[in-house]
Amino acid sequence: MKYYLLDSTTNTWSEELYTLKALLLMGNLDDSSILATEDGKKTLTLGEAKTTASVRPVQEKVKMFTSSRPTAAGPGKKEYKVLSQKDKWYSGKFDPALLEKALNDYAEMGYRVVCSSTASIQGFTGTREEMIIILERDK
């Protein structure tokens with residue numbers, strides 16, 4: 001991320017954008033120096049920028065396991081639930097009547113079925129088919 005720097009003597013913003021590393025290499029700044037984000041939407045101190053940067057590696061690790069597409073904002077945001085034959089609803093024993101009850105209960109919570117399929121699960125005694133149902137609702 002890049003920042004504009006507020007010159008405390010003239011009370012004006014720099015025309016140049018600086019990386020956090022470049023700001024830290026400037027010997028004349030302290031943690032109370034005022035910065036603004038590149039988009040101009042947020043002002044913060046150098047100390048706050050350093051704290052945010054120290055959290056960043058953990059966030060980048062999480063991003064590896066998520067989609068690279070941007071997340072939806074506002075009314076288009078979705079939430080998903082996956083049901084399978086091993087779901088807690090069945091108490092270890094699959095029953096179509098319990099599946100129907102589960103689907104109706106999730107429907108009352110705003111979910112709808114968007115996909116159903118079977119998955120081949122490899123086990124010690126061979127392969128078995130397991131039902132998978134994907135539910136979706138607006139967040």
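The following exercises, each with a worked solution, concern a predicted model.

**Exercise 1. Overall make-up**

Determine how many helices and strands the protein has, and in which pattern they follow one another along the sequence.

*Solution.* Begin with the count: the secondary structure comprises three helices and eight strands. Next, read these elements along the sequence, which gives the pattern β-β-β-α-β-β-α-β-α-β-β. Finally, consider burial: the protein has 139 residues, of which 19% count as buried.

**Exercise 2. The pairing of β7 and β8**

Establish how strands β7 and β8 run relative to each other, and which residues of β8 are the bridge partners of Cys115 and Thr118.

*Solution.* Strands of a sheet pair through backbone hydrogen bonds, either parallel or antiparallel. Locate the two strands: β7 covers residues 112–123 and β8 covers residues 126–138. They run antiparallel and are joined by 11 bridges. Now take the individual residues: Cys115 has Ile134 as its bridge partner in β8, and Thr118 has Met131. To complete the picture, examine the connection: β7 and β8 form a hairpin, with two residues between them.

**Exercise 3. The three-stranded sheet**

Explain why β6 and β7 each have one side without a neighbour in the sheet.

*Solution.* First write down the strand order, which is β6-β8-β7 in an open sheet with antiparallel pairing. Then locate the edges: β6 (78–84) and β7 stand there, and each has a single partner strand, so one side of each lacks a neighbour in the sheet. Lastly, note the angle: on average, neighbouring strands of this sheet are turned by 25° against each other, direction ignored.

**Exercise 4. An aromatic pair**

Classify the arrangement of the rings of Tyr106 and Tyr111, and state whether these residues are buried or exposed.

*Solution.* The count of aromatic pairs comes to one. The ring centres of Tyr106 and Tyr111 lie 5.5 Å apart and the ring planes stand at 90°, so the pair is edge-to-face. The cut-off needed here is that planes over 60 degrees apart count as edge-to-face. As to burial, both Tyr106 and Tyr111 are buried.

**Exercise 5. The second largest pocket**

Describe the volume and the lining of the second largest pocket.

*Solution.* Start with the volume: the second largest pocket holds about 180 Å³ of space. Then list the lining, which consists of Leu5, Leu6, Asp7, Ser8, Met26, Asn28, Leu29, Ser33 and Ile34. Sorted by class, this lining has five nonpolar, three polar and one charged residues. Finally, assign the lining to elements: strand β1 (residues 2–7) supplies the largest share, three residues.

Key. Residues numbered from 1 in each chain as written. Predicted model: local features only at pLDDT ≥ 70, side-chain atom pairs only at ≥ 80, totals over all residues. Heavy atoms only, no water. 1 Å grid on protein atoms, 1.4 Å probe; cavity = no way out; pocket = protein on both sides within 12 Å on 5 of 7 lines; lining within 4 Å. Points joined across faces, edges and corners; volume = space filled by probe spheres on them. Helix = DSSP H or I, 4+ residues; strand = E, 2+ residues; numbered from the N terminus. Nonpolar A, V, L, I, M, F, W, Y, C, P; charged D, E, K, R; others polar. Phe/Tyr/Trp six-rings, centres within 6.5 Å; stacked < 30°, edge-to-face > 60°. Buried < 20%, exposed > 50% of the residue type's maximum accessible area, 1.4 Å probe, protein only. Pairing = 2+ DSSP bridges. Axes fitted to C-alpha atoms, helices over the stretch in contact; angles between N-to-C directions.
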